[in-house]
Amino acid sequence: MTHVVITHMHGDHIGGLMTDGAPTFANAAYITGQVEFDAWAARDDERFESNVRPLAEKMRFIGDQDAVTSGVTGMAAFGHTPGHMGYMLESDGQQLMLVGDLANHYVWSLAHPDWEVRFDMDKAGAAAARRKVLGMLAADGVPFVGYHMPFPGVGYVETRGEGFHYVPHSYQLLMG
Ligand SMILES: [Zn+2]
């Protein structure tokens, strides 16, 4: 593992960073959003203190549109957490976006991006980020990977009605 890139600091996304009190990926570069780190550092969060703060000196902090490494760009999608980041991957002229927990349900989060979600810490911010990112993915035809999307976990966004619609990647291949 050469790079560990963190979308946000909910417990299920940072749980694997440390093993028995030591970094799981001892030689990796760690990259995460500055806003996200600062927000959790100012809280009193047990999981952050045990799994993220010990790695702070190894971390590089980025903002919106900053490069993680060649072909990987951070994109602010704040709301689910205060500094939640998405990451755009580019290779050979093709793009794929990692959206983290931007959209937690493949039907409802896309069809109703403005609906409030219990897990979103800033509900209005998260809704605005969903509209912005999903709108961009739909307009540009860029596939995305979300942690909570069904098999195969990668798909496209189409506009539908007032919201959006998830099209799994497998269907795309079948249609040729
Ligand atoms: Zn989350």
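This report describes a sheet and the helix packed on it in a predicted model.

## The sheet

Seven strands form an open sheet. Their order is β6-β7-β8-β9-β10-β11-β12, and the pairing is mixed. The edges are β6 (67-69) and β12 (163-168). Each of these two strands pairs on one side only. On average, neighbouring strands of the sheet are turned by 35° against each other, direction ignored.

## From β7 to β9

Strand β7 covers residues 72-76, and strand β8 covers residues 85-91. The two are antiparallel and share five bridges. G74 has its bridge partner, Y87, in β8.

On to the next pair. Strand β9 spans residues 94-100 and is antiparallel to β8, again over five bridges. Here M88 stands opposite M97 of β9. The hairpin of β8 and β9 has two residues between its strands. In this hairpin, D92 takes a positive phi near 50°.

## From β9 to β10

Strand β10 is made up of residues 144-146. It runs parallel to β9, and three bridges join the two. M97 stands opposite F144 in β10. M97 thus appears in both pairings: it faces M88 and it faces F144.

## The helix on the sheet

Helix α5, residues 123-140, packs on this sheet. The helix touches β8, β9, β10, β11 (154-160) and β12. How is α5 directed with respect to β11? The two directions make an angle of about 95°.

How values were computed:
Residues numbered from 1 in each chain as written. Predicted model: local features only at pLDDT ≥ 70, side-chain atom pairs only at ≥ 80, totals over all residues. Pairing = 2+ DSSP bridges. Helix = DSSP H or I, 4+ residues; strand = E, 2+ residues; numbered from the N terminus. Axes fitted to C-alpha atoms, helices over the stretch in contact; angles between N-to-C directions. Contact = placed C-beta atoms within 7 Å.
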